[in-house]
Amino acid sequence: MKDYKLTLAVCTVAIVWGTTFLSIRVAVETIPAWFVAGIRQFLAAIIMFLILTYRKEFKWIGWRSLKYQFIFSLLMLVIANGMTTVAEEEVTSSLTSLISACSPILVFFGSMALGLQKFSWRAFTGVVLCFSGILFIFWDGINDLKNPDYALGILFLFIAIAGWASGTIFTKKLNIQSGNISLNLFYQFAFAGIIQIIFAFLFSENYNFGNWSLKSISAMLYLSCFGSVAAFFAFHYALTKVSPVQVSILAYINTVISIFLSWLILDEKISAKFIIAAILIIVGVFVINYNPAMFKKQRIES
């Protein structure tokens, strides 16, 4: 029997997160990145609190569980989401999504290091394809790396995907069960929101609230409601049903949607080499993670 909740969760993650790179780029046009990230997560925490209060499910989760939620929040929200948001102040949304698509490579290597995955020559071939794609990305734009702001943005992106991969593996390694997903997300969002807003006041050079445009604010609200609450709820649910590698392959769809929207709405230039790079990376990641059962439901056992 099909698990329609799992299907809905997978579709939500694939489609909504495909739009977040575009939304972040629009939000940081007039709002400092750490404010975008912090307010996004803090508003998401408020939404989760209201849902939990309405359901009469809000409660203390205990210090042990709180520790896990804080670690997950630090890796997936503060580092991965925060650094991606900061990077998009200098890097286009299409390039951001394409580099972020490399996260399954780190998931594979990390899983292999922890004994959750085995090395194979097929995987090695996939890695070569992915790195070939990265070379295509920077072949024409290598001189852009001389710009310290752009180079720093690229560095932030690689830090972000390292945080995302670590959070994905962390969840799998500890066999973290769903429990009350809404309750867990409240603590994660609240922790990330507070930390990132502190970062915003510490590291933002100019945060004149009067300069924030309605378009940027709307994008930030979209990120809170859909990019955080809806997508992260779906992501957590999916991780309790299938392996992290299976969930991570949603990066394929995210990337295609993001590149298309960046071209359509933001008029970002998509060159032939960029398309070749996208194909190489997506095919490479698929080859690395492919196994005959990867599209089948695999329930995580406690």
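**Exercise 1.** Which residues does Gln69 touch, not counting residues up to four places away in sequence?

*Solution.* The model is predicted, so local features need pLDDT of at least 70 and side-chain atom pairs count only at pLDDT 80 or more, while totals for chains, interfaces and linings use all residues. Residues are numbered from 1 along each chain as its sequence is written, and side-chain values use heavy atoms, with hydrogens and water left out.

Step 1. Place the residue: Gln69 is in helix α3, residues 63-87 (helices are DSSP runs of H or I with at least four residues, numbered from the N terminus).

Step 2. List the contacts (heavy atoms within 4.5 Å): Gln69 touches Ile61, Asn184, Tyr187 and Gln188, with residues up to four places away left out.

**Exercise 2.** Is Gln69 buried or exposed?

*Solution.* Step 1. Take the cut-offs: buried means under 20% relative accessible area, exposed over 50%, and partly exposed in between, with a 1.4 Å probe and protein chains only.

Step 2. Apply them: Gln69 has a relative accessible area of 5% and is therefore buried.

**Exercise 3.** Find what Ser73 touches, and how far its C-alpha atom is from that of Ala190.

*Solution.* Step 1. Ser73 also belongs to helix α3, and its relative accessible area of 0% makes it buried.

Step 2. Beyond residues up to four places away in sequence, Ser73 touches Val78, Gln188, Phe191 and Ala192.

Step 3. Ser73 and Ala190 are 117 residues apart along the chain, and their C-alpha atoms are separated by 9.0 Å.

**Exercise 4.** Classify Ile198 by accessibility.

*Solution.* Ile198 lies in helix α8. Its relative accessible area is 44%, so Ile198 is partly exposed.

Methods
Helices (H or I, at least four residues) and strands (E, at least two) are DSSP runs, numbered from the N terminus.
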